[in-house]
Amino acid sequence: MSETPKLQLSDVHKSFGRKVVLAGVDLTVARGESLVVIGGSGTGKSVMIKCVLGLLKPERGSIRVDGEETIGLSGGRRRDYLAKFGMLFQSAALFDSLKVWENVAFALIEGADMAREAAREVALEKLRRVGLGPEVAELDPAELSGGMRKRVGLARAIATEPEIIFFDEPTTGLDPIMGDVINRLIVECVRDLGATTLTITHDMASARTIAHKVAMLHQGRIVWHGPAAAIDQSGNPFVDQFIHGRAEGPIAMEL
Amino acid sequence: MNPLAIVGRFFLAFLAAIGKLACFAGDAVWHCLVPPLYLRLVGRQMLAIGFYSLPVVGLTALFTGAVLALQIYIGSSRFNAESAVATIVVIGLTRELGPVLGGLMVGGRVGAAMAAELGTMRVTEQIDALITLRTDPLNYLVVPRLIAATLTMPLLVLVADIVGVFGGYMVAIHRLDFNAASYLKNTFEYLETMDVVSGLVKAAVFGFIIALMGCYHGFNSSGGAQGVGRATTNAVVSSLILILVANYIVTELFFAG
Ligand SMILES: Nc1ncnc2c1ncn2[C@@H]1O[C@H](COP(=O)(O)OP(=O)(O)OP(=O)(O)O)[C@@H](O)[C@H]1O
Ligand SMILES: [Mg+2]
């Protein structure tokens, strides 16, 4: 019997009205593993991680973290559960009413009751790791460029050094060099903090750098799941089409 | 299509909307009692709702008091009852026009701002982000607004009452040649505590309604910028109508008691 997986989704279903988005997702992520999820735009990758966080409620299925069922948690138990997670939203989702450093330090101040000064120090350190200097810390989120917002979102996601971190398209909108800085940061999170990460990306170069395992989501199911090194010999027509970015193949784009 | 079915569907949708609002209100009030209470945010909202509404509410009250004095003078002079002007102005203001007009102005200003801010937070996933950062959005966003609006509106209306009486006084003295001392004496001589208190109770109720509708519509908005626009409109329209309905109900309660 192997170790219980850090995160395990089985048969997760989610639809919006009549539109079925997830139609039985099965996925396991081992402790300390970096999983990259790929898949076409609109296939439900973001919806999948929102289900894990309890922001969306799946109609069916089970989501286990450290072997414990998490669907339907509420109140204080949900709060404790969420302490394990860090999340970078695709849109960054920074709080407009707070300064950059207050955004990064939010979970420390509100969640962990850290003093503001101490939390500020941590925030500045995290901002430095995503390549942002202390002069940025005092700005409002509205004064940042898209790529800077993304990096602030990243700093906020790792601020509490959580056990499981979700990155929704961390390198989209960044220049190639900054993209690589972020890739390395994610690798460091896994290696140094021992975090389990699930990254959504369309950027295959980034996927190859950070992934131990890759999973591909298509039409509401995981159609392929395997080690990152095997991705070129997957023998799966969906994966082949996706990593080579071909318009022809089994994935028909709805135009 | 069967017309009865259409009517039925609208009626059911209406009931569902009321039920949803009632649940939200209950939840929000319950969260006022559950810690944590973000006092700093309550303070910031009191400033935004109270202090920055002072000019609007003050000007509204000033001109309302002034016009009230003119109109009541016209009416009362028809049967030589000009001495009643001061009393009727102050009672009209404290019992009715101060809270209602103040409520309507604040409802437009603050209700719209709340719905737009919370709606934007909803559609840009900031509310989701709050949850993942282990902060209850009801405690963090809704409770401070509800408490601040309920506490601040009576203060605003008290100011409005004073400014309104001053408006009436200015017109009476300078335009209608009343004697200043006797106008003031008439203003306060027949004024009862209940006139003022009932107005302030109304104000608190209106403040609650404004914040509740602003938060409810903002919180439940969806669908991008258009959705936020719709939420803002709905928040303002519904809070203004509810203010007028609640005004009648509260007046009935005080009238009977
Ligand atoms: N709140 C919602 N209400 C209705 N439909 C939704 C909602 N959220 C997502 N969807 C639908 O679910 C589908 C999947 O959305 P999702 O955001 O997960 O896509 P994605 O795989 O993350 O795509 P991308 O790579 O473009 O970010 C989309 O077709 C979208 O229309
Ligand atoms: Mg997405």
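How many helices and how many strands does the secondary structure of chain B come to? Hold that thought for a second, everyone. One thing to keep in mind as we go: this is a predicted model.

Okay, back to chain B. Its secondary structure comes to 9 helices and 0 strands. If you read along the sequence, the pattern is simply α-α-α-α-α-α-α-α-α. The C-alpha trace of chain B spans about 65 × 55 × 35 Å along its principal axes.

Now, what about inside and outside? Chain B has 257 residues, and 46% of them are buried. On the outside, chain B exposes about 12600 Å², with carbon and sulfur atoms supplying 73% of that area. As for contacts with a separation of 6 or more, 85% of those in chain B involve residues 24 or more positions apart. And a quick word on charges: chain B carries 14 positive and 13 negative ones, and the mean positions of the two groups are 9 Å apart.

Let's hop over to chain A and find the magnesium ion, ligand 2. Which residues coordinate the magnesium ion? They are A:Ser46, through OG, and A:Gln90, through OE1, at 2.0 to 2.1 Å. A:Ser46 sits in helix 1 of chain A, residues 45–52, while A:Gln90 sits in the loop between strand 6 (85–88) and helix 3 (100–104), so the pair ties together parts that are 44 residues apart in sequence.

Are these two residues buried or exposed? A:Ser46 is buried, with a relative accessible area of 19%. A:Gln90 is partly exposed, and its relative accessible area is 36%.

That's my tour, thanks for listening!

How values were computed:
Residues numbered from 1 in each chain as written. Chains lettered and ligands numbered in written order. Predicted model: local features only at pLDDT ≥ 70, side-chain atom pairs only at ≥ 80, totals over all residues. Heavy atoms only, no water. Donors = N, O, S within 2.8 Å, 3.2 Å for Na, K, Ca; no water. Helix = DSSP H or I, 4+ residues; strand = E, 2+ residues; numbered from the N terminus. Buried < 20%, exposed > 50% of the residue type's maximum accessible area, 1.4 Å probe, protein only. Contact = heavy atoms within 4.5 Å. Areas by Shrake-Rupley, 256 points an atom, 1.4 Å probe, with all protein chains shown as cover. Lys, Arg positive; Asp, Glu negative; His and termini not counted. Charge placed at Lys NZ, Arg CZ, Asp CG, Glu CD.
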